[in-house]
Amino acid sequence: MPPLDLVDLRRYAVARSLFRPTTLPRAIAKLGFVQADPIRAPARAQDLTLRHRVEGYRAGDLERRYGRLRLEEDVFVNYGFLSREHHALMHPRVARREWTPARRRQAEAVLKFVRERESVHPREVDAHFEHGKVTNWFGGSSNASTQLLDDMHYRGLLRVVRREGGVRVYGPREPHGPPPDQVQSQARMDALVDILVKKYAPLQGPMLNRLVTMLRAAAPQWTGDRKDAQARARKRHNHVRVDGADWYWPAGESPLSARHEESRGVRLLAPFDPVVWDRMRFEAFWGWAYRFEAYTPASKRKLGYYALPLLWDDQVIGWGNVRVVDGRLDVQLGYVKAAPRSAAFRSGLEEEIERLGAFLGL
């Protein structure tokens with residue numbers, strides 16, 4: 001392979017992720033996993049991610065079509081959507097904490113209740129069982145039924161069958177097969193790692209290791225295999241050393257291949273879009289630090305509540321904060337240096353704002 005530099009890797013990263021728009025099932029298959037986030041500013045992260053990759057996509061299409069697609073909501077390295085084939089690799093999942101006998105009896109009663117009704121909203125469970133309130137992970141108060149349903153979902157007893165007003169509606173899940181043996185476990189762990197490499201490549205070595213570590217949320221039963229999985233991934237995937245750092249990408253791909261057409265145009269990306277998700281890579285490629293500030297106190301924000309990285313061709317040159325005001329888009333832009341003066345950028349930005357409006361149904 002000819003020598004590579006950061007410019008080659010940057011172009012490859014953008015081009016392979018922002019593939020030609022296709023159907024929703026194919027786009028999710030190509031991505032492998034779509035991270036979800038409940039904040040709408042101006043739309044949820046999963047919708048903002050898919051709009052660049054699905055032809056004619058509109059905000060909410062994933063939620064509306066979820067029941068007809070072979071998808072699952074679940075924890076992966078983050079919470080999101082993935083195919084049933086990929087989802088099955090993580091199960092049967094062994095939770096890190098054992099249930100008490102009382103908690104197990106509660107779960108068995110709720111599971112029977114769900115099976116009788118086929119699907120239930122959390123408020124139905126709460127009304128029937130009156131589990132009361134509990135302290136949630138951030139110190140607030142939540143319905144105990146909601147927390148139990150979430151735990152049963154994580155353990156593979158329930159699945160999300162749809163959402164109503166953004167709230168998960170649960171149904172029973174068919175029992176998973178027996179736990180895999182050691183050889184099968186390694187193969188499954190490697191397959192999960194490959195999904196991540198495919199989505200976020202090219203990756204620096206430390207981020208590859210971090211992603212493998214993050215898989216303990218998806219499959220805590222294999223936490224002890226983490227170091228070996230990292231070593232196997234480094235041997236299995238292509239890599240090159242550039243400016244003192246090792247970079248990895250899927251075997252069978254070439255960063256210089258003509259099929260990775262150079263990205264053109266202006267795009268406002270989701271904060272969790274695979275192009276910008278890896279903050280270490282972001283700084284290596286574009287020389288500045290992007291930060292997600294929705295949970296930062298307003299007085300300390302530098303970019304904005306939900307700043308969308310602004311991509312022009314293969315350069316992230318700034319960010320945009322987008323709101324819908326009186327049925328119209330209000331787009332406030334910021335730039336690392338200054339706004340480009342070229343006519344190509346101005347027309348590209350106008351087209352992107354028009355696409356964003358259509359995506360939101362304005």
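**Exercise 1. Find how much space lies in the second largest pocket, and which elements line it.**

Step 1. About 900 Å³ of space lies in this pocket (an open set of points on a 1 Å grid, with protein on both sides within 12 Å along at least five of seven lines; the volume is what 1.4 Å probe spheres set on the points fill). Before going on, note that this is a predicted model, where local features need pLDDT of at least 70 and side-chain atom pairs 80 or more, while totals for chains, interfaces and linings use all residues. Residues count from 1 along each chain as its sequence is written, and side-chain values use heavy atoms, without hydrogens or water.

Step 2. Now the lining (residues with an atom within 4 Å of a point): 36 residues, with L18, F19, R20, P21 and R267 nearest the centre of the second largest pocket.

Step 3. Sort by element (DSSP runs, helices H or I of at least four residues, strands E of at least two). At least two lining residues come from each of α1 (6–17), α2 (24–31), α9, β11 and α13. Helix α13 gives the most, with seven.

**Exercise 2. Work out why β11 and β14 each have a side without a neighbour in their sheet.**

Step 1. Write down the order: β11-β12-β13-β14, an open sheet of four strands with antiparallel pairing (at least two DSSP bridges per pair).

Step 2. Look at the edges. β11 (266–268) and β14 (328–335) sit there with a single partner strand each, so one side of each stays free of a neighbour in the sheet.

Step 3. Zoom in on one pair. β12 (308–312) and β13 (315–325) share five bridges in the antiparallel sense, and L311 stands opposite V316 in β13.

Step 4. Add the helix: α13 (residues 343–359) packs on this sheet and touches β11, β12, β13 and β14.

**Exercise 3. Is L62 buried or exposed, and which residues does it touch?**

Step 1. Place L62: it's in helix α4 (residues 61–65).

Step 2. L62 has a relative accessible area of 2%, so it is buried (the cut-off is under 20% with a 1.4 Å probe, protein chains only).

Step 3. List contacts (heavy atoms within 4.5 Å), skipping residues up to four places away in sequence: L24, I28, Q46, D47, L50, Y57, L69, L71 and F81. L24 is 38 residues from L62 in sequence, yet their C-alpha atoms are 7.9 Å apart.

Step 4. Repeat for L50, again leaving out neighbours within four places: L24, I28, L31, V34, Y57 and L62.

Technical notes: Axes are lines fitted to C-alpha atoms, for helices over the stretch in contact, and angles run from 0 to 180 degrees between N-to-C directions. Buried means under 20% relative accessible area, exposed over 50%, partly exposed in between (1.4 Å probe, protein chains only).
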